[in-house]
Amino acid sequence: MLNEIKNHRSVRKYKDEQIPDVVLNEILTAGLRASNTGNMQLYSIVVTRSSDIKQKLAPAHFNQPMVMGAPVVLTFCADVNRFTKWCQQRNADAGFYNMESLITAFVDASLAAENVCLEAEAHGLGICYLGTTTYNVRQIIDALQLPKGVVPVTTVTLGYPDGEAPMSSRLPLNAVVHDETYHDYSPADIDNAYAEMESDPSNQKFIDVNNKQNLAQVFAEVRYSKANNEYFSKELLEAFRQQGMM
């Protein structure tokens with residue numbers, strides 16, 4: 001398992017090979033064993049195999065090809081609906097339609113997703129985490145018919161890798177870990193933290209293609225611009241309201 005963690009790669013191209021139900025169930029069961037708040041398990045996992053549903057999901061993920069190409073798409077959702085209904089059926093005064101419970105459910109769903117990814121890779125499968133899930137939440141809500149109290153958190157495509165995917169660079173340990181208290185970064189610390197990422201040849205291609213001076217400009221001005229971040233923030237808040245979580 002440690003080897004799988006250290007050699008993780010995002011797999012975006014999959015073989016035309018279905019995942020046996022027994023394997024998929026083992027992978028999903030690993031997700032259920034994840035740590036969670038108060039053992040409430042405020043999350044649900046929607047398993048999508050149908051091409052019709054994938055076609056509805058694809059635009060929400062900007063038509064990234066792995067959505068249609070993967071045999072299985074997993075959407076991890078924050079879910080206070082199920083737990084609230086259980087409480088109501090047991091005459092318990094439930095109060096989970098609020099921001100505190102939503103954040104709890106987001107964390108629970110994320111922990112379950114990571115367990116699923118690790119177990120999938122241990123079975124020789126490839127995964128790709130789609131950070132686009134929170135951009136177009138309302139499209140995903142409609143495609144998966146999610147009721148109030150249920151909000152998509154993250155999506156993982158799953159399948160047998162078709163070829164070997166490249167390994168992405170990561171920040172060094174001392175760039176992320178703080179000893180005892182948070183130590184803010186000096187200009188030299190920032191240069192050291194991002195040196196390897198900036199020297200990665202694949203990242204240099206991003207700079208050239210986007211006609212930018214450096215990698216930071218690609219991230220901040222092209223891939224994750226202020227205008228887009230503010231727009232998707234408004235959309236996400238509106239989805240929270242639509243699902244009764246505000």
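1. A starting point for reading the notes below: contact means heavy atoms within 4.5 Å. Helices (H or I, at least four residues) and strands (E, at least two) are DSSP runs, numbered from the N terminus. Axes are lines fitted to C-alpha atoms, for helices over the stretch in contact, with angles from 0 to 180 degrees between N-to-C directions.

2. Please keep in mind that this is a predicted model, in which local features need pLDDT of at least 70, side-chain atom pairs count only at pLDDT 80 or more, and totals for chains, interfaces and linings use all residues. Residues are numbered from 1 along each chain as its sequence is written, and side-chain values use heavy atoms, with hydrogens and water left out.

3. Now to the sheet. It is open and antiparallel, with 4 strands in the order 1-2-4-3; two strands pair if DSSP finds at least two bridges between them. Strand 1 (43–48) and strand 3 (126–130) are the edges, each pairing on one side only. On average, neighbouring strands are turned by 25 degrees against each other, direction ignored.

4. Strand 4 (residues 150–159) deserves a look of its own. Antiparallel to it runs strand 2 (residues 72–79), joined by 8 bridges; Val72 has Leu158 as its bridge partner, and Cys77 has Pro152. With strand 3, strand 4 pairs in the antiparallel sense over 5 bridges, and here Gly126 stands opposite Gly159. Of the 10 residues in strand 4, 10 are buried (buried is under 20% relative accessible area, exposed over 50%, partly exposed in between, with a 1.4 Å probe and protein chains only).

5. Helix 2 (residues 21–32) lies across strand 1, strand 2 and strand 4, and runs at about 165 degrees to strand 1. Its axis and that of helix 6 (residues 99–122) come within 7 Å and cross at roughly 145 degrees. The crossing is right-handed, meaning that the near helix is turned clockwise from the far one by less than a right angle.

6. Which residues of helix 2 meet helix 6? They are Glu26, Ile27, Leu28, Ala30 and Gly31, and they face Ala112, Asn115, Val116, Glu119 and Ala120 in helix 6. By class, this contact has 6 nonpolar, 2 polar and 2 charged residues (Ala, Val, Leu, Ile, Met, Phe, Trp, Tyr, Cys and Pro count as nonpolar, Asp, Glu, Lys and Arg as charged, and the others, Gly among them, as polar).

7. On to the core. A nonpolar core is a set of buried Ala, Val, Leu, Ile, Met, Phe, Trp, Tyr and Cys residues joined through side-chain atoms within 4.5 Å. The largest one has 56 residues, and Ile19, Leu125 and Leu158 have the most contacts inside it. Helix 6 gives the largest share, 9 residues. Beyond neighbours within four places in sequence, Ile19 is in contact with Leu24, Pro71, Val72, Leu125, Leu158, Gly159 and Tyr160.

8. His123 sits in the loop between helix 6 and strand 3 and is partly exposed, at 28% relative accessible area. Its C-alpha atom is separated by 9.4 Å from that of Glu26, 97 residues apart along the chain. Leaving aside neighbours within four places in sequence, His123 is in contact with Val23, Glu26, Ile27 and Tyr160.

9. Finally, two backbone angles to check. Most residues other than glycine have a negative phi. Phe62, however, has a positive phi near 55 degrees; Phe62 lies in the loop between helix 3 (51–57) and helix 4 (65–69) and is partly exposed at 45%. Gln145 also has a positive phi near 55 degrees. This residue lies in the loop between helix 7 (137–144) and strand 4, and Gln145 is exposed, with a relative accessible area of 69%.
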